[in-house]
Amino acid sequence: MLYDIAIRVGAPLVIIETTAPEDMIRQRLSQREADIAADRQTDDVSTAGNDVYDRMIQTAQPIRHDHITVDTSQDITPALRQIAAQL
């Protein structure tokens with residue numbers, strides 16, 4: 001639907017996929033769950049944990065159009081430059 005809207009109004013559409021190795025994703029989610037359980041203040045606005053991730057990976061679909069993939073386990077500076085150039 002987003003692609004159709006962008007084409008119809010003549011707007012550029014930049015799709016950004018973020019990824020990381022699964023063990024790192026699970027570690028981050030476990031830390032989030034621990035922070036929530038301990039009522040620690042974080043900058044994280046989401047409360048999704050491993051249970052949500054488990055449900056989401058069952059229905060994940062590949063992005064079929066041009067997009068930028070950002071591996072958040074690595075330095076994201078090159079990807080940020082690419083994104084800025086497209087914007």
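Begin by selecting T18, which stands opposite V70 in strand β2; helices (H or I, at least four residues) and strands (E, at least two) are DSSP runs, numbered from the N terminus. This is a predicted model, in which local features need pLDDT of at least 70 and side-chain atom pairs count only at pLDDT 80 or more, while totals for chains, interfaces and linings use all residues. Residues are numbered from 1 along each chain as its sequence is written, and side-chain values use heavy atoms, with hydrogens and water left out.

Widen the selection to strand β1 (residues 16–19), which pairs with β2 in the parallel sense over four bridges, pairing being assigned if DSSP finds at least two bridges between two strands. Along β2 (residues 68–71) the side chains alternate, with I68 and V70 buried on one face, whereas T69 and D71 point to the other and are not buried; buried means under 20% relative accessible area, exposed over 50%, and partly exposed in between (1.4 Å probe, protein chains only).

Next, select R26 in helix α2 (residues 22–37), where E22 also lies, four residues away, about one turn of the helix. E22 and R26 form a salt bridge with their closest N and O atoms 3.0 Å apart, the term requiring a side-chain nitrogen of Lys or Arg within 4 Å of a carboxyl oxygen of Asp or Glu. Add D54, whose side chain meets that of R26 in a salt bridge (2.5 Å, N to O); this pair links distant parts of the chain, 28 residues apart, with D54 in helix α3 (residues 50–59) and R26 in helix α2. E22, R26 and D54 are thus linked in a network of salt bridges.
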